[in-house]
Every structure is written in C-alpha cells, then in structure tokens.
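Please examine the sequence and the three-dimensional structure shown here. The paragraphs that follow explain how the chains are related and how they meet.

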Number of protein chains: 4
Amino acid sequence: MQATVELQVIPLGTGVSVRQEVKRVVALLNEYDFILQTHASGTNIEGDLSDILSAIEKIHATLHDEGGVRLLSYVKIETRSDKIPTLEGKKL
Amino acid sequence: MQATVELQVIPLGTGVSVRQEVKRVVALLNEYDFILQTHASGTNIEGDLSDILSAIEKIHATLHDEGGVRLLSYVKIETRSDKIPTLEGKKL
Amino acid sequence: MQATVELQVIPLGTGVSVRQEVKRVVALLNEYDFILQTHASGTNIEGDLSDILSAIEKIHATLHDEGGVRLLSYVKIETRSDKIPTLEGKKL
Amino acid sequence: MQATVELQVIPLGTGVSVRQEVKRVVALLNEYDFILQTHASGTNIEGDLSDILSAIEKIHATLHDEGGVRLLSYVKIETRSDKIPTLEGKKL
C-alpha cells in the first residue's frame, strides 16, 4: 500500500540542538527507495507504507544504538484507495 | 523494542461524524496484546513497536477494504533506552 | 468559539526527563476556566479557542522566563459549527 | 515572541478532496506578514507567535462562516530564547 508520510524525530536529552540527529534520520531514510522532501518541520516521504514503517522502527533502533536515550517521533500517514497518493499530487 | 504510542485515525469523505471508524480502529487494536487508553484525541498504546506499526498498517488496509477512501493517521511514538516506557510511567 | 484541543509541550535541552515542565504546563492551564484531561501523550482541553491559544502563548513565555531554551508544542485543535464540541462528547 | 509553526487544517464532512479548503487557508495566511513555506503535509510559518495564533483562530472562524462544519488543525509550534527561530535556520 503506497503512502505519503511526514516524519519528525525529536531526541530528548541531547541538548538544545538536534541537527546531528535530524541529519542522521535523513541519511537513514536515504537508504530506502523513497521520494523525500525535507522541510523545516520534518521530512515528507512517499513510498510503500510497510517500508516506511520499517524505516521508522530502524531509525529508533539505530539512534538508540548510537547513544540516543529518549526519542519521540511525530508521524502523519496518508493512504487512499481512489488513486495512488504522491507528494507531487499534494502540491497546491 | 517497547514503545508508547498515540494514534488518531481520521477518515476523509465519510461525513462529519467519524465515530464508527474510530470504534473500528479501537476494535482492531484490541486484537493485539497492547495496553490501550482511549481519550478524546486518540488512543494511547503500550506495546512492542514492531507490533504497533503492524497494527497501524493493518488498520489502514482494513478501513480501506471496508470502504474508506482516504485515511489520515496522526502518530506520536516514544521509545527510550534507559528504562521500559509505559503509559503508567507517564502519569503525572 | 468553543474548541477541544490537545496540547503536548516538549522542552529541548533540559535532559531526558521533562516531568517538571509538563507539571508546570498543567499548573498554568489550571489557572484558566478549562475542562482538562491529562493523559500519557498530552492534555486535552475544552474551552474557548481564543483563551486556549492565549494560554499556549503564555505557557511558552513562562517556560522561557523560567529558563527553558527551546520549546516545541504539538497541538490538535477541533471546532465545529453543528454543535458545541466537548471532551465528554468525544467519548466512544 | 517570534516562532516557527507548522499548520495543517483538515475539514471533515466536505468529501475526499480538501484542496479548496487548503488553498483558502494559505490565502488567509497570506494576508499576514508571515514567511510561508507550503509543503505536502502543511504550511510552515515564520512570524510573531501571537499573530500566528490569531491567524489560526481566524482561519477556523472563516472556514466555518463559509460552510465548514468540522475543522481539525494540527499545529507544531517552536520558540527559543537563545536565538530568533527562523525557517531558514532549520534547513539541514
């Protein structure tokens, strides 16, 4: 099932700046065959929903392995049955 | 990896009331071995992250199979490595 | 305009635990004439939308005054014109 | 207090497509002196927090006046005291 997703990952306890973690999240997403659009409040992702959810799980596991103590993800998921959801199709 | 998650599923195009779909979401979550706390803005879930993400995918697939045309999910995911995250532990 | 709102405030840079800040947020909300329901992923609020948005602004200002460097709020707002939205009315 | 905000407004009960309402939201935001970046999951806003919250209230009021029955807004708010938050500054 194809989906468009917005993902924002927030690490707690690593200080005021979270830039390194955000860059790591985008690098991990880039290992998949997704269309990605990074913006000021997260990264928009187009791809297979199952793959995207696997990627989110892998991101949490990886950031914990690399020292992250507490991780929050804010995720918006959209699927539809009348047509294939795309990031391009959501442009105004 | 254990997680606490908030899930709110919004169906578009089914009218102003979304109560039937919300009840269906909770029924589908109840098929899993999760701790659930339903509230006015979603359902809080405690369980294995992989299982919770599978449940979210199954919810989208099932609601589409049952006629839902467009589905939005708003998800907050929390994991931590210093202790097991629980809904009980997040009480003030 | 009456509204139901979910508010979750996340301070960055204060360490892994954010319990003190969350308690402060709820204390500040209690200064208003709102109906409040605190849960594991935020606080549900019923009240006048203008008052609730004022409260959110005051919370950011107060937490910064008290030393918070970076604050993120995640807010869900619901209003409707066919009836008065209430937290009670959103029970399943 | 300067802020960066993400706003996504979802009308319920108007059908599967919400494009007209989303365009209306962006038009209303354009009446303010904000920096705006529209993307697939909402609009990022840079401006005075008080003005942004006023705009959100006005958007709900206007969309209801124009026939919207039920409106959900998903809002991420960020403020910081160590520097002025900007959309530009959040680029990776």
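To compare copies, their C-alpha atoms are superposed by least squares, taking residues with pLDDT of at least 70 in both. This is a predicted model, in which local features need pLDDT of at least 70 and side-chain atom pairs count only at pLDDT 80 or more, while totals for chains, interfaces and linings use all residues. Residues are numbered from 1 along each chain as its sequence is written, and chains are lettered from A and ligands numbered from 1 in the order in which they are written.

A turn of 180 degrees with a shift of 0.0 Å along the axis lays chain B on chain D with an RMSD of 0.0 Å. That is the relation of a two-fold axis. Both copies use the same surface, as 100% of the contact residues of chain B recur in chain D; two residues are in contact if their C-beta atoms, placed from the backbone, lie within 7 Å.

The contact between these chains takes 10 residues from chain B and 10 residues from chain D. Strand 1 and strand 4 of chain B each supply at least two residues of the side that touches chain D. Here helices (H or I, at least four residues) and strands (E, at least two) are DSSP runs, numbered from the N terminus. Strand 4 of chain B gives the largest share of that side, 3 residues. By class, the side of chain B that touches chain D has 7 nonpolar, 2 polar and 1 charged residues. In this division Ala, Val, Leu, Ile, Met, Phe, Trp, Tyr, Cys and Pro count as nonpolar, Asp, Glu, Lys and Arg as charged, and the others, Gly among them, as polar.

Chain B can also be laid on chain A, with an RMSD of 0.0 Å, by a turn of 180 degrees and a shift of 0.0 Å along the axis. Of the residues of chain B, B:Val75 comes closest to this rotation axis, at 2.5 Å (C-alpha). The contact takes 23 residues from chain B and 23 residues from chain A. On the side of chain B that touches chain A, helix 2 (49–65) and strand 4 (70–80) of chain B are the elements that give two or more residues. The largest share, 11 residues, comes from strand 4 of chain B.

How do strand 4 of chain A and strand 4 of chain B pair? They run in the antiparallel sense over 11 bridges, where two strands pair if DSSP finds at least two bridges between them. A:Tyr74, for instance, has B:Lys76 as its bridge partner in strand 4 of chain B.

The wider arrangement is an open sheet of 8 strands with antiparallel pairing, in the order 2(A)-3(A)-1(A)-4(A)-4(B)-1(B)-3(B)-2(B). Strand 2 (35–39) of chain A and strand 2 (35–39) of chain B are the edge strands, each pairing on one side only. Within chain B, 6 bridges join strand 1 (residues 2–12) to the antiparallel strand 3 (residues 42–48). Helix 1 (residues 19–29) of chain B lies across strand 1, strand 2 and strand 3 of chain B, at about 150 degrees to strand 1; axes are lines fitted to C-alpha atoms, for helices over the stretch in contact, and angles run from 0 to 180 degrees between N-to-C directions.
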